[in-house]
Amino acid sequence: MAARSWTTSAASCHAFDERYTGRPYRHGWYLADTRAKGFVHFDTLVHLDLRTGARSTYEVGPWDSLGEPLFIPRSADSPEGDGWVIALARRGESQCSELLVFDAIDIRKGPIGRAKVPRLVPTGFHGNWRPA
């Protein structure tokens, strides 16, 4: 298998539909630093269709950054990528955090849900989604 480069910006915190662990998968999400300020600042959530190479993005405000995205399937038997992606946003001006919920395939339209966190959650918070 040949290696391919999918981005030219700094990228981290890759996520995919974990029901496809160990198998080929089509959809992936990651954080990107698209503003290149001289230090890594993950300001953009990216959905990448690995079959077509198409990508869609959502960029947060100039003082904000994003934490690791997590994919949540709509149901146990939904098709790959059918569900939501959640990510914590650090709001630089208000010094609070916000949990953002996205339609996994249509990141570009922005959050479809938000939950305000009254405190600033530190950068580096990681997790996995497991159904109850």
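A residue is called buried when its relative accessible area is under 20%, and exposed when that value is over 50%. E98, at 5% relative accessibility, therefore counts as buried. I begin with this residue since much of what follows leads back to it. Please keep in mind throughout that the structure before you is a predicted model.

Let me first set out the overall architecture. The protein chain contains nine strands and zero helices, so that reading along the sequence gives the pattern β-β-β-β-β-β-β-β-β. Of its 132 residues, 39% are buried. Among contacts with a separation of 6 or more, 40% join residues 24 or more positions apart. The chain exposes about 7,900 Å², with carbon and sulfur atoms supplying 57% of that area.

I turn now to the salt bridges, of which the structure holds seven. Which residues are linked in a network of salt bridges? They are D64, R91, E98, R114 and K116. Consider R91, which meets D64 through their side chains at 2.7 Å, N to O. This pair links distant parts of the chain: R91 belongs to strand β7, D64 to the loop between β4 (55-59) and β5 (65-66), and 27 residues separate them in sequence. Both R91 and D64 are buried; for R91 the relative accessible area is 14%, and because buried means under 20%, R91 falls in that class.

R91 also forms a salt bridge with E98, the closest N and O atoms again being 2.7 Å apart. E98 in turn meets the side chain of K116, at 3.4 Å from N to O. Since K116 lies in strand β9 (residues 113-117) and E98 in strand β8, this pair ties together parts that are 18 residues apart in sequence. Is K116 buried or exposed? With 71% relative accessibility, K116 counts as exposed, whereas its partner E98 is buried at 5%.

Next, the interior. The largest nonpolar core comprises 15 residues, and those with the most contacts inside it are W29, L45, L66, V85 and I107. Strands β2 (27-33), β7 (83-91) and β8 (96-103) each supply at least two residues of this core. L45 deserves a closer look: leaving aside residues up to four places away in sequence, L45 touches Y30, L31, S56, T57, Y58, L66, P69, V85, F102 and I107.

W29 brings us to the aromatic residues. The structure holds two aromatic pairs. In one of them, W29 and F71 are stacked, at 5.0 Å centre to centre and with 10 degrees between the planes. This pair, too, links distant parts of the chain, with W29 in strand β2 and F71 in strand β6, 42 residues apart. W29 is buried, its relative accessible area being 0%, and F71 is likewise buried, at 7%. A further ring is involved in another kind of arrangement: the charged end of R23 sits over the ring of Y20, 4.6 Å from its centre.

Finally, I would draw attention to a loop residue. Where is P79 found? P79 is found in the loop between β6 (70-73) and β7, and at 54% relative accessibility it counts as exposed. Not counting residues up to four places away in sequence, P79 touches D17 and R19. The C-alpha atoms of P79 and D17 are separated by 9.8 Å, although the two residues are 62 residues apart along the chain.

Definitions and conventions
Residues are numbered from 1 along each chain as its sequence is written. This is a predicted model: local features need pLDDT of at least 70, side-chain atom pairs count only at pLDDT 80 or more; totals for chains, interfaces and linings use all residues. Side-chain values use heavy atoms; hydrogens and water are left out. A nonpolar core is a set of buried Ala, Val, Leu, Ile, Met, Phe, Trp, Tyr and Cys residues joined through side-chain atoms within 4.5 Å. Buried means under 20% relative accessible area, exposed over 50%, partly exposed in between (1.4 Å probe, protein chains only). Helices (H or I, at least four residues) and strands (E, at least two) are DSSP runs, numbered from the N terminus. Contact means heavy atoms within 4.5 Å. Accessible areas come from the Shrake-Rupley method with a 1.4 Å probe; for residues, only the protein chains shown count as cover. Rings of Phe, Tyr and Trp (its six-membered ring) pair if their centres lie within 6.5 Å; planes under 30 degrees apart count as stacked, over 60 as edge-to-face and the rest as tilted. A charge sits over a ring if NZ of Lys or CZ of Arg is within 6 Å of the ring centre and within 35 degrees of the ring normal. A salt bridge is a side-chain nitrogen of Lys or Arg within 4 Å of a carboxyl oxygen of Asp or Glu.
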